[in-house]
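Please look over the structure shown here, and then follow the questions and answers below, which work through it one feature at a time.

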Amino acid sequence: MKERYPDKIASWSKALKDVGGLDGFVYESGKTLQWEKSEEIVAKVESYLSQNMLLDQRKKRTNLMETVAYDVFIRHWREDTQLNAVSVLRGILLSRGITPFVVGYGKNERETEPISEVLNAMKSSKVHVILLSPNFASSKRFLEEVVHIMNTQDSSEASDASRKPKVLPIFYDVEPSIVRHQQKDYDFSKFPGSTEEERERWASALRKLSLLHGFEYKTNSKDQFQWDSLYDIVKHVEARMTSGIPWNDGPYAEEINQVLKVLELQEKSRFSRGYLWLQ
């Protein structure tokens, strides 16, 4: 480098030293919540444009924290998914006016919400999103929550299907067949301290869950972009939250569907561009 650009080294060094002295952000991919840090960066940019913008963002966040009714219940294994997929998924949901309850979000390894709070969030939510990651089945509490969620689907108390919470499994670096047949990381035949009755209960719930329509999320895929995949999941959550308008009927059904597809592609592109800009 010095041999190729000897006349520019000094100016580059000075520029880097000047940049290093500016007020900025430290982004550690292994420790930083992706969406929240991105929000901080965006808020900083907006504060340069408008002195009141950052205050507005804080007010919005405070209002969201005070909300007690949840739309979506999200269960995940924090070490597998919190810093990336769940952080961004939660952020996109909030940006679209959907309030998620993410179990243990932002807490350290030993902290979690009381079981009563988790059960209340399950009960009030219209959609249950379960991220089935490699380490998910190592938690007895997680498995029991899956049992509770799937029992709700079979409960006679909610005979009206429209009143039952919709369940959306996300197979996060895990094949659906692995979950269905309890293989590899989901083989809890030797789960410490478990009984045969518990293992049968967990196996039954996981089989039912794996047969539901969901998403396969591969972190090492070259053809799958994180924000595109999470945007698709959010759209699916929105569709399950509402019955929607039957655009497939009527004289203008085809035209309306075409317009909706164009709008969705434009919106999806906007989220993708936002992600690339933050890289």
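Q: Which residue of β3 does R75 stand opposite?
A: In this predicted model, R75 lies in strand β1, which covers residues 72-75. Strands β1 and β3 run parallel and are joined by four bridges. Within this pairing, the residue of β3 that R75 stands opposite is I130.

Q: What is the bridge partner of I130 in β4?
A: Strand β3 is also joined to β4, with six bridges between the two strands, which run parallel. Strand β4 consists of residues 166-172, and in it the bridge partner of I130 is P169.

Q: How many of the six residues of β3 are buried?
A: In a regular strand the side chains alternate between the two faces of the sheet. On one side of β3 stand V127, V129 and L131, while H128, I130 and L132 stand on the other, and the residues of both faces are buried. Strand β3, residues 127-132, is therefore mostly covered, and the number of its residues that are buried is six.

Q: With which residue does R75 form a salt bridge whose closest N and O atoms are 2.7 Å apart?
A: The partner lies in helix α6, residues 140-154, whereas R75 lies in strand β1, so the pair ties together parts that are 70 residues apart in sequence. Both R75 and its partner E145 are buried. With 2.7 Å between the closest N and O atoms, the residue that forms this salt bridge with R75 is E145.

Q: Which residue is linked with R75 and E145 in a network of salt bridges?
A: The model has 13 salt bridges by the rule used for counting them, and the one between R75 and E145 belongs to a network. The residue linked with R75 and E145 in that network is R141.

Q: Is E238 buried or exposed?
A: E238 lies in helix α9, residues 226-241, and forms a pair with R96, which is in the loop between α4 and β2, 142 residues apart. This pair is a salt bridge with its closest N and O atoms 2.7 Å apart. R96 has a relative accessibility of 23% and therefore counts as partly exposed. The relative accessible area of E238 is 19%, and because buried means under 20%, E238 is buried.

Q: How far apart are the end C-alpha atoms of α9?
A: Several residues of α9 are buried, including W227, L230, Y231 and V234. At 1.5 Å a residue, the 16 residues of α9 should span 22 Å. The distance in the model agrees with that expectation, since the end C-alpha atoms of α9 are 23 Å apart.

Q: Which residue meets D154 in a salt bridge of 2.8 Å, N to O?
A: D154 lies in helix α6 and its partner in helix α8, so the pair ties together parts that are 54 residues apart in sequence. The partner has a relative accessible area of 36% and is therefore partly exposed. The residue whose side chain meets that of D154 is K208.

Q: Is the aromatic pair of F136 and F142 stacked or tilted?
A: The count of aromatic pairs comes to seven, and in one of them the rings of F136 and F142 have their centres 5.2 Å apart. Both F136 and F142 are buried. The planes of the two rings stand at 45 degrees, so the pair is tilted.

Q: What is the angle between the planes of Y172 and Y217?
A: Y172 lies in strand β4 and Y217 in strand β5, so the pair ties together parts that are 45 residues apart in sequence. Y172 counts as buried because its relative accessibility is 4%, and Y217 counts as buried at 6%. The ring centres are 5.0 Å apart, and the pair is stacked, with an angle between the planes of 15 degrees.

Q: With the side chain of which residue does the side chain of S189 make a polar contact?
A: S189 lies in the loop between α7 and α8, and because its relative accessibility is 44%, S189 counts as partly exposed. The C-alpha atoms of S189 and E200, eleven residues apart along the chain, are separated by 9.4 Å. The polar contact, at 2.9 Å, joins the side chain of S189 to that of D187.

Notes:
Residues numbered from 1 in each chain as written. Predicted model: local features only at pLDDT ≥ 70, side-chain atom pairs only at ≥ 80, totals over all residues. Heavy atoms only, no water. Buried < 20%, exposed > 50% of the residue type's maximum accessible area, 1.4 Å probe, protein only. Polar contact = N/O pair within 3.5 Å; in protein donor to acceptor, adjacent residues only side chain to side chain. Phe/Tyr/Trp six-rings, centres within 6.5 Å; stacked < 30°, edge-to-face > 60°. Salt bridge = Lys/Arg side-chain N within 4 Å of Asp/Glu carboxyl O. Expected span 1.5 Å × (residues − 1). Pairing = 2+ DSSP bridges.
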